[in-house]
Structures are given as structure tokens and as C-alpha cells.
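Open your viewer and get comfortable with the select and colour commands. Ready to take a walk through this protein?

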Amino acid sequence: MGSMWPRSTVTDRRAEDARRAVEAAVWAPSVHNTQPWRFGLRGTRIGLRADPDRRLEVADPEGREMLISCGAALFTLRVAIRALGHEAEVHVLPDPDRPHLLADVHVGARIEEDEDARRLYAVVRRRRTHRGAFRPDPVRPSLLSAMKLEAEREGVRLIQVVETHTQLALAGLTQAAEHIQQMSPAYAGEAARWAPAPGSRRADGVHEVSYPSRPPHTEPDFAARDFARGHGWGAREEPGHEPGNEPGGEGGGGQAAGAPRPVTGLVILVATPDDTPLDWLRAGQALQRALLRATAEADLAAAFHTQPLEIPEFREFIGRRFCNGHHPQMLMRLGVPDGPVLTTVRRPAEEVVYEET
Ligand SMILES: Cc1cc2nc3c(=O)[nH]c(=O)nc-3n(C[C@H](O)[C@H](O)[C@H](O)COP(=O)(O)O)c2cc1C
């Protein structure tokens, strides 16, 4: 460590980098963009806490998706701290008496430049959820293998679903789950609270700038969440940019006749051997690691379809039949977005940071 600097200057620098890491972490993905986190700053330490007021009481009674979201924020803290040149010392769930304290993170000793951490840190704000079709470009097998390996290092499995009938079964389950949720006033009401009307100034939730007004129907067709709720909200496609608008295909749901069917992309399940809060945090860290890797290496984006994992019977079934008994945590499609990647909102770091005494 640079002995040329007085000790207080070194500590000040590390404390400043702790803040910068939090500014990056708020860009992690979270279910319905609930951003269910708070960051307690004490010098060079960051206490990551779940914010239970932002848990989805109906869809996520155990807080599983809340912890996956916070896990994604935790990985972002780790990668930011390393990219800024420090060891990231992390104690996950450090205090059984304070279950909402998810991690104690310390901005530690100076490290050699971590070029890889810098690559991932550089795309934290570029990573976006995509809610449409993908281009037919293949995903490099070596990239997928690297993502699987990195997930394994976090204790998590990325399972690529290749078999057509399994893809169709999973797509069917998302359709069924979406219908079941729309039929339930409690589910639908909760989702509506996180999908603000156009013009809203809220800095959370899924706004109409974040989803297409006419989600393309891919084959197999994974149901999109109904953020627009029949109001016709959502971003309009630029003329000539409708996915699948190229001539010569078979056409399908909502697309011009004769147009090729929009591409589903790779279908991926994220699964863990157990199903504890620690596994959920691991799943979130592995997810964000994979998403940042995919963004940095090939400008890929993911579309999430987690409705069936919010219905316990479906989740159990998917785990038993398609995850080799492991517990499914996420279901997503991955590829190069076809058409524009839309935008999203965040609460500023000041809103989620508090000084710990
Ligand atoms: C646990 C979890 C579940 C999610 N489920 C869905 C989903 O079913 N449908 C969807 O469109 N987006 C889903 N998302 C994506 C979030 O809506 C998205 O991360 C959030 O709106 C912020 O936008 P961004 O990812 O573009 O930054 C999920 C994200 C997480 C972390």
C-alpha cells in the first residue's frame, strides 16, 4: 500500500470508493425494479440491507426475489470495489439476529490492477433488461461456457435449455402463470403498483419507456409481464424496426404475414442446490456476473420470465423435471437484442444510502 500517503488520505480514498461502488450497485436488476436495498456506509465499510417494505408481498412472500435482486447489487459492489483497485472483503449474512443485514462489505487493501473487473464495471450501466425478440446471431459457445463456469464459482448452475419440447413446456408454463396471476386481484394489484402510468416521475417500478407496446411473439412464446394492463402503454417500435419484419418467413402472433418468427434466443434456467437465503443471494450474484459478462463480451441482453417461479407448484415442477432436482431461481432468454434496448430508471444513491454510526 502506498506509504507515501498519510494514513487518513488512504482511508478517505477508500471511503470515497465505497460510495462510488454503491452508485454502481443501484444499477443492478431487481424484480419489478423495486430496488429493495439500502446501503449503510461507515468509512470503508458498506452494510447491504434488504428493504422489506419493498418486498412483493403477494408474488414473493419469502423474499426470494428480493434477495436475488440484492445479490445482484452485492456482485456489483464486489466488482466495483475491485475495479477501483481494492480487495473486496465480503461477509454474507454476518449476523443471524439481523436477517435483513445481507452482507458486510469492506473496501480492503490495494490490489494489482484487475483488468477483468474493470471490463465488467464499465458495463454496469449499459446492461439492460430486454423485453423483445433477439437477432438470429448465435451466442459464442465459449462465452456461454465461461458464464457457466463463473456461475459455478458462485455456487450456482446456469442450465441452457436446448430441447425443443422443454422450451415449449417452459414457455407454456410462463403463459399459464401469467394468466393465473392476471386472474388474481392480489397479484394483479401488486404488479400494477410497480408499473406506473406514463408521465410518472417515480424513480422505481417498470415505466412505459422500459417495455414495448406490442411485445413480439417468439417461437416458443414466453409470456411477457402485462405492465401496460390493457392501456396500450409502452414504447412504440420505430417504423421499419418491428422485429421479424424481414421478408421470407412463416409469420405469427401479431407479426406481418410472411415475416419470419421473431427469435426466442437462448433459454436459460438459473438454479441452486439448496433454497436458503444464502442460495438466493448466490443466485443474484451469479446472475449479475453472467449478465455483465454477456454485456461486456458480446453486447447480449436478457429477457426475464419469472412468473412460473412465483407459483410454488410450477416452481417445484420445473425444479424436479428440468433442473435435476435443483431449485430454479430465474428463467430467462439471452441474445443480441433485435431493435432498440429500452431505458430504465433508478433512485439516486443518496436515497438508498445512510450513514451508519
Ligand atoms: C428476480 C428478478 C425477477 C425478474 N422478473 C422479471 C419478469 O418476469 N419480467 C420482466 O420483464 N422483467 C423481470 N425482471 C427484470 C426487472 O424488471 C428489471 O431488472 C428492472 O425493471 C430494472 O431494469 P433494468 O434491468 O433494465 O435495469 C426481473 C428481475 C429480477 C432481478
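Here is a short tour of two domains and the place where they touch. Keep in mind that this is a predicted model.

**Stop 1: the two domains.** Select residues 7-126 together with 349-355 and give them one colour: this is domain 1. Now select 141-335 and pick another colour for domain 2. If you mark the centre of each domain, using C-alpha atoms, the two points are 24 Å apart.

**Stop 2: where they meet.** How many residues does each domain bring to the contact? Domain 1 brings 35 residues and domain 2 brings 37. Between them, the domains bury about 3100 Å², with 62% of that area on carbon and sulfur atoms. Select His32, Arg64 and Ile68 in domain 1 next: these three lose the most area to domain 2, together 23% of what the domain 1 side buries.

**Stop 3: charges and polar pairs.** Show arginine 119 and glutamate 297 as sticks. Their side chains form a salt bridge, with 3.1 Å from N to O. Between domain 1 and domain 2 the count is 5 salt bridges. Across this interface there are also 15 residue pairs in polar contact.

**Stop 4: the helices on the domain 1 side.** Select α2 (64-83) and then α3 (115-122); each supplies at least two residues of the side that touches domain 2. Which element gives the most to that side? The answer is α2, with 12 residues. To finish, colour the touching side of domain 1 by residue class: you will find 19 nonpolar, 7 polar and 9 charged residues.

Conventions:
Residues numbered from 1 in each chain as written. Predicted model: local features only at pLDDT ≥ 70, side-chain atom pairs only at ≥ 80, totals over all residues. Heavy atoms only, no water. Domains from an automatic or database assignment. Contact = heavy atoms within 4.5 Å. Buried area = accessible area lost by both parts, 1.4 Å probe. Salt bridge = Lys/Arg side-chain N within 4 Å of Asp/Glu carboxyl O. Polar contact = N/O pair within 3.5 Å; in protein donor to acceptor, adjacent residues only side chain to side chain. Helix = DSSP H or I, 4+ residues; strand = E, 2+ residues; numbered from the N terminus. Nonpolar A, V, L, I, M, F, W, Y, C, P; charged D, E, K, R; others polar.
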